[in-house]
Amino acid sequence: MEATSMEAEFCTYVAPSMDYEDPISAHCTLSSRFNVLNLSESSSKPSMEAETCIAAPSTEAEEPTDVNPHQDDQSIPKVGMVFDSEDELYNFFQKYAYQIGFGICKMSTRTKGEGATRYYSLACAKGGVYVPKTKRVCQLSTKTGCKAKICVIAYGDGKCKISRVFLEHNHALSPRKSRFQRSHKKMGSYAKRRLELNDYAGIPLNKSFHSLVVEAKGYDNLPFGETDCRNYIAKVRQLRLGIGDAEALRNYFVRMQRRSPNFFYVIDMDDEGRLQNVFWADARSRAAYESFGDVISFDSTYLTNKYSMSFAPFVGVNHHGQSILFGCGLLSREDTDTYVWLFKSWLECMNGRPPKAIITDQCRSMQGAVAQVFPESHHRLCLWHIMKKIPEKLSGLAQYKTIKRTLKILVYESMDPQEFEDGWCKMIENYRLEKNEWLSSLFNDRRRWVPVYVKVFFWAGMSTTQRSESMNSFFDGYVNSKTSLRQFVEQYDNALKSKIEKETKADFESLNSSYKLITGFHFERQFHEAYTNAIFKLFQDELRGMVFCNCLLVKIDGVRHIFHVTDIVEGKHGDFKKRVVYTVSYDEVQCDIRCSCHLFEFRGIVCRHMAKILIEEDVKEIHSRYILSRWRKDVKHGHYLVINCYEDMVSGDEAKQFDHLCSKFYEVAQFANSREKYEYLMSCIKMAKEKLNDDSIWECSSNVNLIPEDVHHASVSTTKLLPPLQVCEGMENILQDQRSSIGMPNTRCEHGAISHNDNSFKHQFDLNQ
């Protein structure tokens, strides 16, 4: 800045009234506050003369020193001060306002003459009169009519000058609370990128903000608050996901199908073009269904969003016993027609191949849709949902606790259908429950939910509560009832990527590690070499259970031997034990063995009772029919060949450059493990900052040398450093492309009439590939 001798004679100012809210003297410590501002990426710096009283950011921990802001006249605005740019003047006055304790704003702009000379003022934020925008009476106002301001003349050549100065305030000033002023709030690139990445990863914003507070060593050292973070993330989400929820969902589908032609989706709209129902499945889910689609679980009760749309995923079990997704639906209604639409869409997606077994809840509409679309599939009602309703349906009965205990014993402890039916009739008679409609409906549907009836079919180990619990855990931490559709499409991707990673890790562990054998029998080694670790561990649990088993040959019928195997079975809650006799038949000629516990039929794992007889009959090698391919670790499943189409967060080139620089900075910081290296690195950073802040270097020079002159052993780079890319235009083009791609000519369903892209589901997979 420059002030002529003539101007200096007229450089007068009115000292501000320092009516501090805090009981401290005018000689306040300001160095830490200036550090915060300097570290918040000021766009430009005033001249050295105007900064003489400002403490430069220190890299070492220093004891604070008392500084009187009025002792150095260069830090105080004066009439006649000249600046090279408007930004330089604004930053100078902003620093002055921060140290005094008030906010600033720009006002009263006017232009005069053809040279585009402009006149405006930078005033105290409390200046002017509050004009309410609404008729509500109870509204806070920050305006006090404060007259403090500086008048600025901005010339056509870019320079500007202070023409008038008024520094008298009519309100209290508080330097320690300057960070709350809107004009002093500024979020740096590092904080913005940190918030973006954490938001994309599903980390709650309050935790992200708290981590920034901890890193800055206190709230006082952050020039922004949690509300500013929420506002910034809201804007980022809008840019990333689009404006409308339905539009964002459709754009997501279009983008995914562009990346993977086998991505399948159907959108059902009403007569007014409003979103009604949605179904989609990615290429990997469709390929996985070829290997693990024998049993599926469908649940529409897990989640309902703010639009009252039920989230309805189709879930199966992979070869590690983990939940695997076969598609998802969002439903606006839960009637039979809606479920029929969804099941038909899903069946078409899976090339018309229905599952062998399906598990649903007790919804009558859903049962009707299953009977209509999957007539050949075994349909089972989820036991977890039924038992969960006991308090709701029976808590009003006088003998509720006794009835509840009796009901659970019948359901979980009955060994055969006859035992269950006899016990049920006895319970109804003893507690006079003949008129209870809920219990009557349960008994009529008993073949669809009671374990003794359904265990004769293969359910891939989907026991009473496992699938419901895993259904919740599949998306827990990613989506909830408050998640909008725009956020859902992102968090859905995150959940799927997390599941893919867990499956990949389990594959690696099964191929590179294994459990030790606990017996010397060859059939255990067969399972050891074939099964994944998770499934082999279940088989070993059965081997350990043989300790409680005793067998007795009771009958020989030709080549078939009949055994009674006595086992000690614990109650469901471990509160009692009882002896149970199971019947095992073994045919040596056909290598056929069966047990009345039906564990193999239900889960596909040889039970302890069968293992006991195999040992008793000295069977060396078990038949391959008892080693299911769906549990094997050496099978190349089709979904392994499908490239993961779930993209990372769309980032502009500027964000990618920023991430790359941060990773390099962390890498270089690890080498600064001595005082000499630390000082050298800080000198490099200081020199780089000076050159990066000097716009004239980048405008006039095409080759900038960033290597310190005292470094002789390092070669000087001749690579031209380009200016930062203009990412704003690129983002606008991306958003424009997304907006123009929402026509969806081949992927629309109107009024329930499905119209798909025929090429989206023609790809076949060979399980032995």
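Which residue in β16 is the bridge partner of Asp 567? In this predicted model, the position opposite Asp 567 in β16 is taken by Val 580. This pair belongs to the antiparallel pairing of strand β15 (residues 560-570) with strand β16 (residues 577-587), which are joined by eleven bridges.

The two strands are part of an open sheet of four strands, arranged in the order β14-β15-β16-β17 with antiparallel pairing. The edges of the sheet are formed by β14 (550-557) and β17, each of which pairs on one side only. Between neighbouring strands of this sheet the average turn is 25 degrees, with direction ignored.

On one side of the sheet, β14 and β15 run antiparallel and are joined by seven bridges. Within this pairing, Lys 555 is placed opposite Ile 562 of β15. At the other edge, four bridges connect β16 with strand β17 (residues 592-595), again in the antiparallel sense. Here Val 584 is found opposite Cys 595 of β17. The hairpin of β16 and β17 has four residues between its strands, and in this hairpin Cys 591 adopts a positive phi near 55 degrees.

A helix pair was also examined. Helix α19 (residues 522-530) and helix α20 (residues 533-545) have axes that come within 9 Å of each other and cross at roughly 160 degrees. Since angles over 145 degrees count as roughly antiparallel, the two helices α19 and α20 are therefore assigned to that class. The crossing of α19 and α20 is left-handed. On the α19 side, the contact involves Phe 523, Glu 524, Phe 527 and His 528, which meet Phe 536, Phe 539, Gln 540 and Leu 543 of α20. By class, the residues of this contact comprise five nonpolar, two polar and one charged.

Ionic pairing was considered next. Side chains of opposite charge can pair when their charged atoms come close. With a cut-off of 4 Å between a side-chain nitrogen of Lys or Arg and a carboxyl oxygen of Asp or Glu, the count comes to 20 salt bridges. One salt bridge is formed by Glu 215 and Arg 194, whose closest N and O atoms are 2.6 Å apart. Glu 215 lies in helix α5 (residues 205-216) and Arg 194 in helix α4 (residues 189-200), so this pair ties together parts that are 21 residues apart in sequence.

Key:
Residues are numbered from 1 along each chain as its sequence is written. This is a predicted model: local features need pLDDT of at least 70, side-chain atom pairs count only at pLDDT 80 or more; totals for chains, interfaces and linings use all residues. Side-chain values use heavy atoms; hydrogens and water are left out. Axes are lines fitted to C-alpha atoms, for helices over the stretch in contact, and angles run from 0 to 180 degrees between N-to-C directions. Angles under 35 degrees count as roughly parallel, over 145 as roughly antiparallel, 65 to 115 as roughly perpendicular and the rest as oblique. A crossing is left-handed if the near helix is turned anticlockwise from the far one by less than a right angle, and right-handed if clockwise. Contact means heavy atoms within 4.5 Å. Ala, Val, Leu, Ile, Met, Phe, Trp, Tyr, Cys and Pro count as nonpolar, Asp, Glu, Lys and Arg as charged, and the others, Gly among them, as polar. Two strands pair if DSSP finds at least two bridges between them.
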